[in-house]
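Subject: Handing over a structure

Hello,

Here is the structure I promised to pass on. Please open it first, then read my notes alongside.

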Amino acid sequence: MDINVGDVIQMKKNHPCGCNTFTVRRVGMDFKICCNGCGHEVMLPRKAAEKSIKKIITSDGENN
Ligand SMILES: [Zn+2]
């Protein structure tokens, strides 16, 4: 799975605020994602992140 900083991803599970789209802030060993509903930032290991991603909604990488 190819995920870049700035991508908007849809997760399989909703965040407690009810939103299931997140913006990617950092990639690497751990992913840092920011909830698009409430702005809460979450860190999670790459493997866990890739498992819980349903799909990539927008990819900013194509603009560069
Ligand atoms: Zn949220």
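Below is what I found in it, from the overall layout down to single residues.

**Overall**

Please keep in mind that this is a predicted model. The mean pLDDT of the chain is 92. A score of at least 70 is reached by 92% of the residues. Confidence is highest in β3, with a mean of 97, and lowest in β5, at 94.

The chain contains five strands and one helix. Along the sequence the pattern reads β-β-β-β-α-β. The C-alpha atoms fit in a box of roughly 30 × 20 × 20 Å along the principal axes. A compact globule of 64 residues would have a radius of gyration near 11 Å, and the chain agrees with that because its own value is 11 Å. Of the 64 residues, 12% count as buried. Take the contacts between residues at least 6 apart in sequence: 33% of them join residues at least 24 apart.

**The sheet**

In what order do the five strands of the open sheet lie? The order is β4-β3-β2-β1-β5, and the pairing is antiparallel. β4 (41–45) and β5 (53–58) are the edge strands, each pairing on one side only. From one strand to the next, the twist averages 40°.

Now the pairs, one by one.

- β1 and β2: β1 covers residues 8–11 and β2 covers residues 21–26. The two run antiparallel and are joined by three bridges. Ile9 sits opposite Phe22 of β2.
- β2 and β3: β3 covers residues 30–35 and pairs with β2 in the antiparallel sense, over four bridges. Arg26 has Lys32 in β3 as its bridge partner. The two strands form a hairpin, with three residues between them. Gly28 is in that turn and has a positive phi of about 150°.
- β3 and β4: five bridges link this antiparallel pair. Lys32 stands opposite Met43 of β4. This hairpin has five residues between its strands. Gly39 takes a positive phi there, near 85°.

**The core and β3**

The largest nonpolar core has seven residues: Ile9, Phe22, Val24, Phe31, Ile33, Cys35 and Ala49. β2 and β3 each supply at least two of its residues. Which strand gives the most to this core? That is β3, with three residues.

β3 deserves a second look. In a regular strand, side chains alternate between the two faces of the sheet. β3 shows this alternation. Phe31, Ile33 and Cys35 point to one face and are buried. Asp30, Lys32 and Cys34 point to the other face and are not buried.

Ile33 is a good residue to click on. Leaving out residues up to four places away in sequence, Ile33 touches Phe22, Thr23, Val24, Arg25 and Val42.

**Two residues outside the strands**

Start with Gly39. Its place is in the loop between β3 and β4. Is Gly39 buried or exposed? Gly39 counts as exposed, because it has 10 C-beta neighbours inside 10 Å, and the cut-off for exposed is 12 or fewer. Gly39 and Thr23 are 16 residues apart in sequence. In space, their C-alpha atoms are 9.3 Å apart.

Then Ser59. Ser59 lies in the segment after β5. Ser59 has 15 C-beta neighbours inside 10 Å, so this residue counts as partly exposed. That count falls between the limits: 12 or fewer for exposed, 20 or more for buried. Which residues does Ser59 contact, leaving aside neighbours within four places in sequence? They are Asn4 and Asp7. Asp7 is 52 residues away from Ser59 along the chain, yet their C-alpha atoms are separated by 4.6 Å.

**To recap**

Five strands form an open antiparallel sheet, with β4 and β5 at its edges. β3 gives three residues to the seven-residue core. Ser59, after β5, is in contact with Asn4 and Asp7.

Best wishes

Notes
Residues are numbered from 1 along each chain as its sequence is written. This is a predicted model: local features need pLDDT of at least 70, side-chain atom pairs count only at pLDDT 80 or more; totals for chains, interfaces and linings use all residues. Two strands pair if DSSP finds at least two bridges between them. Axes are lines fitted to C-alpha atoms, for helices over the stretch in contact, and angles run from 0 to 180 degrees between N-to-C directions. A nonpolar core is a set of buried Ala, Val, Leu, Ile, Met, Phe, Trp, Tyr and Cys residues joined through C-beta atoms within 7 Å. Two residues are in contact if their C-beta atoms, placed from the backbone, lie within 7 Å. The radius of gyration is taken over C-alpha atoms; the globule rule is 2.2 Å times the number of residues to the power 0.38. pLDDT is the predictor's confidence in each residue, from 0 to 100.
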